[in-house]
Structures are given as structure tokens and as C-alpha cells.
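User: Could you walk me through how the labels on this model are earned? I'd like to see the reasoning behind each one.

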Amino acid sequence: MAEILKYGATAKWLHWLVTFIVIVMLIFGPGLEDLPLDEREQVIMVHSGLGTLVLILMLIRWRWRLTHDVPGPAGTMGAWQTKLSKIMHWSFYVLLVLQPIFGILQAMYITEYEVVAFGQIAYSSMAADNEQMARIFHVAHGINGKLLTVLVLGHFGAALYHHFWQKDNVLRRMLPFGKVSAD
Ligand code: HEM
């Protein structure tokens, strides 16, 4: 079978759409707590909607990943780098599915305001208010968010290292119009 040199359109779209939404959520998420309650409810309407979209996209993406072949490790990568990159990539799938699930569970039990994703999905009506449960999932959502931030920064650093230091195809093969040659 011919070697796959770059990602296809589906993988690229899913990658960059999720990246854009998640970066916005990670930057603005921590400020939500400081907003006045009515404003907070409005912003969380969008936050929870985008988060739900990430969950759907990640489940599609996970399935896509398990049913398609992807480009192999670059020729510049040693065994430990290949292993580390695998661990990082699969950690993304796990953390990016857990993050919206923790958010939804928090929203279901929340006592202070209503969480209605995009004004359509009334998560807060799905379970009785429970301050303790809301607190547990609030903490889980916060810790998982911090782990995700570290993972995103590591991933970003690795992409730049490959592109500018190793000068290989690793970043180019995921870029929208990236031109790739066999290395
Ligand atoms: C990938 C998806 C998501 C990301 C990256 C994300 C990110 C974040 C971050 C970073 C925070 C601040 C946490 C802290 O510092 O304590 C936060 C808070 C929150 N998120 Fe999410 N979130 C996502 C999905 C969701 C979903 C799907 C829901 C609900 C359906 C949700 C509901 C909330 C709520 C209620 C808060 C707390 C706001 C407050 O303090 O009142 N999130 N989120």
C-alpha cells in the first residue's frame, strides 16, 4: 500500500475547527466565574453550546481516527519521540471528551443559574439542583481544563520544533494548504 504523506480534508477540518474552539474556551473559560450572574448565564449559553459541539466533533473524530490510516512518524523521529507523540495524541481524545462531559454534569446540577446550550439544550433541567455534585464536577472541569492547556502548549511547541528545528513535514501535513514531499 502507498505511504500516506498527509492528512485528508476531513481530518484537517476536524483538527482546525476543534483547535480554534478549544483555544477560545481555554482562554475565556477561567474568567467566567468573575462575571455578574446574568452576564455569566448569557456567556455560558454560548460556552456550553460550543462545548457540546466539541464533544460531537471529538466523537466523530475519534471514530474517524480508528477507521482510517494516517501518516506515520516522520523519519526525523526516534523511538521515544514516536511514543511520546502517540501518548499526547491519545491524551487529546480522552481529555477533549472528558472536558465537555464534566461541563455537562456540572451544568445539570448547578444551583446558581440555568445552563441552556445555545438557548436550546436545557442541561440544568435534566437533574435536581445539587450543590455538592456541581462542586465536584466544577473542580473536575477546572483540573481537566488545566491539563488540556498544558497539552495544547506542548503540542504547539512540538509542531514548531518539527517545523523550524527538524525541518520535516510534521506541521505541513496538517496545514490547510501544506505541500508535502517524501522525507
Ligand atoms: C471542550 C470543551 C470545553 C472547554 C475547553 C471548557 C473550558 C472551561 C474552562 C477552562 C472553564 C474554567 C474552569 C475553571 O478555571 O475553574 C470552564 C468553566 C465552565 N464550563 Fe466549560 N469547557 C468546555 C465545555 C463545557 C460544556 C459542554 C459545558 C456545559 C454544558 C460547560 C460548562 C461550564 C460551566 C458551567 C463553567 C463554570 C462557569 C462558572 O464558574 O460559573 N463547559 N470551562
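User: Which helices supply at least two residues each of the shell around the ligand?

Analyst: Happy to help! In this predicted model, α1 (9-28), α2 (37-67), α3 (79-109) and α4 (131-166) each give at least two residues to that shell.

User: Which of the 28 residues around the ligand come nearest?

Analyst: Gly-29, Ser-48, Gly-51, Gly-103 and Gly-142 come nearest. A residue counts as near a molecule if its C-beta atom, placed from the backbone, lies within 6 Å of it.

User: How does the shell around the ligand divide by class?

Analyst: The shell has 15 nonpolar, eleven polar and two charged residues. Glycine is placed among the polar residues by this scheme.

User: Why are α3 and α4 called roughly antiparallel?

Analyst: Their axes cross at roughly 155° and come within 8 Å. Angles over 145 degrees count as roughly antiparallel, so α3 and α4 earn that label. The crossing of these two helices is left-handed. As for the contact of α3 with α4, 14 nonpolar and ten polar residues take part, with no charged ones.

User: What makes α1 and α2 roughly antiparallel?

Analyst: The reasoning runs along similar lines. The axes of α1 and α2 cross at roughly 150°, coming within 10 Å. With the cut-off at over 145 degrees, α1 and α2 are therefore roughly antiparallel to each other. The crossing of α1 and α2 is left-handed.

User: Which residues have the most contacts inside the largest nonpolar core?

Analyst: That core has 13 residues, and Leu-105, Ala-107, Met-108, Tyr-109 and Tyr-123 have the most contacts inside it. The elements giving two or more residues to this core are α3 and α4, and the largest share, six residues, comes from α3. To belong to such a core, a residue must be buried, joined to others through C-beta atoms within 7 Å.

User: How do you know whether Phe-118 is buried or exposed?

Analyst: Count the neighbours: Phe-118 has 12 other C-beta atoms within 10 Å. Exposed means 12 or fewer, so Phe-118 is exposed. Phe-118 sits in the loop between β1 (116-117) and β2 (121-122).

User: What stands out about the phi of Phe-118?

Analyst: Its phi is near 50°, a positive value in a residue other than glycine. Most residues other than glycine have a negative phi.

User: And what makes Lys-167 exposed?

Analyst: Lys-167 has 10 other C-beta atoms within 10 Å. The cut-off is 12 or fewer, so Lys-167 counts as exposed. Lys-167 lies in the segment after α4 and has a positive phi of about 55° although it is not a glycine.

Terms used:
Residues numbered from 1 in each chain as written. Predicted model: local features only at pLDDT ≥ 70, side-chain atom pairs only at ≥ 80, totals over all residues. Helix = DSSP H or I, 4+ residues; strand = E, 2+ residues; numbered from the N terminus. Axes fitted to C-alpha atoms, helices over the stretch in contact; angles between N-to-C directions. Parallel < 35°, antiparallel > 145°, perpendicular 65-115°, else oblique. Left-handed = near helix turned anticlockwise from the far one by under 90°. Buried ≥ 20, exposed ≤ 12 C-beta atoms within 10 Å, placed from the backbone.
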